[in-house]
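Colleague: Hello! I am new to reading protein models and would love a guided tour. Could we look at one together?

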Amino acid sequence: MVDSLSAPPLEEAPLPPPVPGRGLRGLVRDLGASLRGTDRDYTEGPLGQALLLLAVPMVLEMVMESVFAVVDVYWVASLGAPAVAAVGLTESVLSLMYAVAMGLAMAATALVSRRIGEKDPEGASRAAVQAVAVAVAASLPFAAVGVFFAADVLRLMGADAETVAIGTGYTAWMLGGNAVIMLIFVLNAVFRGAGDAAIAMRVLWLANGINLVLDPLLIFGWGPFPELGVTGAAIATTTGRGLAVLVQLVVLMRGGKHLRVLWEHVRLRADVMGRLLKTSAGGIAQFAVATSSWVFLVRIVAEFGAEALAGYTIAIRVFLFTLLPAWGLSNAAATLVGQNLGAGKPDRAERSVWVAGGVTSLLLGLVSIGYIVFDEALIRLFTDEAAVVAVGADGLRVMAYGYVIFAWAMVLPQAFNGAGDTLTPTWINLGCFWAFQVPLAWGLAIPLGWGVDGVFWSVVLAESLMAAVAAVLFRRGTWKATVV
């Protein structure tokens, strides 16, 4: 199956030719430029260089985003399995909000990158403003649920009485303050679409630095700070993200390398908002289908107790953290697709996707080896509870078998999104996750008695199916004609 998902023959998608005289010095120069930010036109020049300049800060941005989750669960793990379970259950509910945030972010990237490719920075600025307005409005229903129904949400997800008592404050803060998550996703998508990926990266460095400092202070009550337990983790995370959003807005108004929002752009535009909502509707549905399936996976795992749920939560956190290179490269591919379609270069857009997918599969192949060799050691970074370690280590070993294929399951759908074709990935997700993954997870875990391992295997098989279907549809090339 892996061979069937590899790049097309050389004559169909040739790799970019080497640039004479670049060598190691040129690579170091490009890495520095990617971290500082560059005004490079990504529709011209060597494709490999363009991918590198975009992907490096995007990978680091994704690392910073995931560090929130890893740091939180690292400190919370010392409070016991019920506290970790509360974090896992809350994150599964937040995944519904993430679906909206990622759908809006995907639409923002598609519109902004297309306008930048068309050499229309004014249009890109107007799209950015509409994206911010929609993100704020979309956060309000989730905030209301968090403020008034946090305990009920945990009970609905299968939490026991101890987990509800410990985790209600965490759930209330994370859902109640979801606007900062929504905005950080959308604003960073705007920067990425414009080609200002370094700005998005640096913003998350700031947010994580604040979270790293506040987490232990508020969880354990060090120094003059109150001991808030797992609730402290939520307050630290929300504070870090909130300050990052303020910085994003300031940078957006002052201007980056490719985009600046002026006060004259700060008004609602029905035509631009209409295009944004139309594009994001498919994206929201797409991610809602995918992320809501994870809610049901967590619900299945909850049947096996708090230790199993804690092991699953830690394994998934490690899994998501090590997928970050794939997220960064797939986001870079989406930006290149959008900008090159806007510049009237569909063949270059397609080549960028095959190059990104090949590099991503190589990186994740190396990660899979680490999972097999260091499975228990990775879980023990978070906990020494034997039952939790056993579940988490089994999960990492199972995930390792599908890691190379996961690369294509991420890059190819993002390529459709970058083109503004959000419906194709939505249908792929619906079939692979709801019609296949969820029933398979339940069947393997409970009737067949595989337990939590059955849930992990359902993830591997569903992602493999998704990669195969996406590859077939991507080769057809209908996405090149999408108008946004």
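**Reading charges, cores and contacts**

Modeller: Gladly! Let's start with one residue: Asp152 is partly exposed, with a relative accessible area of 42%. Buried means under 20% relative accessible area, exposed over 50%, and partly exposed in between (1.4 Å probe, protein chains only). Keep in mind that this is a predicted model, where local features need pLDDT of at least 70, side-chain atom pairs count only at pLDDT 80 or more, and totals for chains, interfaces and linings use all residues. Residues are numbered from 1 along each chain as its sequence is written, and side-chain values use heavy atoms, with hydrogens and water left out.

Colleague: Which residue does Asp152 meet in a salt bridge?

Modeller: A salt bridge is a side-chain nitrogen of Lys or Arg within 4 Å of a carboxyl oxygen of Asp or Glu. Here Asp152 pairs with Arg155, at 3.1 Å from N to O. Both residues sit in helix H4 (residues 121-156), three residues apart, about one turn of the helix. Helices (H or I, at least four residues) and strands (E, at least two) are DSSP runs, numbered from the N terminus.

Colleague: How many salt bridges does a search of the whole structure find?

Modeller: The search finds 10. One of them joins Glu350 and Lys480, at 2.7 Å from N to O. Glu350 belongs to helix H12 (residues 346-380) and Lys480 to the segment after helix H16 (452-476), so this pair ties together parts that are 130 residues apart in sequence. Asp347 joins Glu350 and Lys480 in a network of salt bridges.

Colleague: Arg115 and Glu118 also form a salt bridge. Is Arg115 buried or exposed?

Modeller: Arg115 is buried, at 9% relative accessible area, while its partner Glu118 is partly exposed, at 38%. Their closest N and O atoms are 2.9 Å apart.

Colleague: And how many residues has the largest nonpolar core?

Modeller: A nonpolar core is a set of buried Ala, Val, Leu, Ile, Met, Phe, Trp, Tyr and Cys residues joined through side-chain atoms within 4.5 Å. The largest one here has 115 residues, and Tyr312 and Phe456 are among those with the most contacts inside it. Helix H3 (residues 81-117) gives the most to this core, with 22 residues.

Colleague: What is Tyr312 in contact with, leaving aside its neighbours within four places in sequence?

Modeller: Contact means heavy atoms within 4.5 Å. With those neighbours set aside, the partners of Tyr312 include Trp294, Val391 and Phe456.
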